[in-house]
Amino acid sequence: MFRPGYVQPVDGAVSRTPLYRTVYCITAGLYPLLRRVAPRYVTTTRAIGRAMLAVTYAEGTGPSVRRNGDINDLSLSYAFARASKA
């Protein structure tokens, strides 16, 4: 199960909920600051996608609940593994 905190949409991802779109529009400029101040509580849609792919390759190992810190770590490990295979 994935339990992200603040998710910054990237690559053209747009929420269907008008309130969320407004909040994302307002906070988009704050994302770099949030990332520096509280990196374990923010992530991106790209990182979530990579983390989901990494979990499928892990074949059931690790915790069953993945929070923001785990999501970001898995995303980096998946990106690194893909780059080293190329």
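These entries record what I looked up in a predicted model of one protein.

**Entry 1. Confidence**

I began with the confidence scores of the predicted model. The mean pLDDT of the protein is 86, and 98% of the residues score at least 70. I then compared the elements: strand 3 has the highest mean pLDDT, 92, and helix 4 the lowest, 83.

**Entry 2. Overall layout**

I noted 4 helices and 4 strands in the protein. Their order along the sequence reads β-β-α-α-β-α-β-α. The C-alpha trace spans about 40 × 30 × 25 Å along its principal axes. I also looked up how contacts are distributed along the chain. Of the contacts between residues at least 6 apart in sequence, 73% join residues at least 24 apart.

**Entry 3. Surface and interior**

I recorded that 24% of the 86 residues are buried. The protein exposes about 6,200 Å², and carbon and sulfur atoms supply 61% of that area. On the surface I located a nonpolar patch formed by Leu-30, Leu-33, Leu-34 and Val-37. Together these residues offer about 360 Å² of accessible area. I placed one of them, Leu-33, in helix 2, which covers residues 31-37.

**Entry 4. Helix 4**

I checked the length of helix 4, residues 68-85. With 18 residues at 1.5 Å a residue, helix 4 should span 26 Å, and its end C-alpha atoms are indeed 26 Å apart, so the two values agree.

Which residues of helix 4 are buried? I listed Asn-68, Gly-69, Ile-71, Asn-72, Leu-74, Ser-75 and Tyr-78. An α-helix has 3.6 residues a turn, so residues three or four places apart point the same way. I then looked up what the buried residues of helix 4 pack against. Their partners are strand 1 (2-3), strand 2 (6-8), helix 2, strand 3 (42-44), helix 3 (45-58) and strand 4 (66-67).

**Entry 5. Ser-75**

I chose Ser-75, which lies in helix 4, for a closer look. Is Ser-75 buried or exposed? Its relative accessibility is 7%, and because the cut-off for buried is under 20%, Ser-75 counts as buried. Apart from neighbours within four places in sequence, Ser-75 is in contact with Ala-47, Arg-50 and Ala-51.

**Entry 6. Salt bridges**

How many salt bridges does the structure hold? I found 2.

In one, Asp-11 pairs with Arg-46, and the closest N and O atoms are 2.8 Å apart. Asp-11 sits in the loop between strand 2 and helix 1 (18-27), whereas Arg-46 belongs to helix 3, so this pair ties together parts that are 35 residues apart in sequence. I looked up the exposure of both partners. Asp-11 counts as exposed at 62% relative accessibility, and Arg-46 is partly exposed at 37%.

In the other, Asp-73 pairs with Arg-40, and the closest N and O atoms are 3.6 Å apart. This pair also links distant parts of the chain: Asp-73 is in helix 4, Arg-40 is in the loop between helix 2 and strand 3, and the two are 33 residues apart. I noted that Asp-73 is partly exposed at 41% relative accessibility. Arg-40 is partly exposed as well, with a relative accessible area of 45%.

**Entry 7. Helix 4 in review**

I close by returning to helix 4. Helix 4 contains the buried Ser-75 and also Asp-73, a salt-bridge partner of Arg-40. I keep in mind that helix 4 has the lowest mean pLDDT among the elements, 83.

How values were computed. Residues are numbered from 1 along each chain as its sequence is written. This is a predicted model: local features need pLDDT of at least 70, side-chain atom pairs count only at pLDDT 80 or more; totals for chains, interfaces and linings use all residues. Side-chain values use heavy atoms; hydrogens and water are left out. Patches are made of residues with over 30% relative accessible area and no salt bridge: like charges are joined within 9 Å, nonpolar side chains (Val, Leu, Ile, Met, Phe, Trp, Tyr) within 5 Å. Accessible areas come from the Shrake-Rupley method with a 1.4 Å probe; for residues, only the protein chains shown count as cover. A salt bridge is a side-chain nitrogen of Lys or Arg within 4 Å of a carboxyl oxygen of Asp or Glu. The expected span of a helix is 1.5 Å times one less than its number of residues. Buried means under 20% relative accessible area, exposed over 50%, partly exposed in between (1.4 Å probe, protein chains only). Contact means heavy atoms within 4.5 Å. pLDDT is the predictor's confidence in each residue, from 0 to 100.
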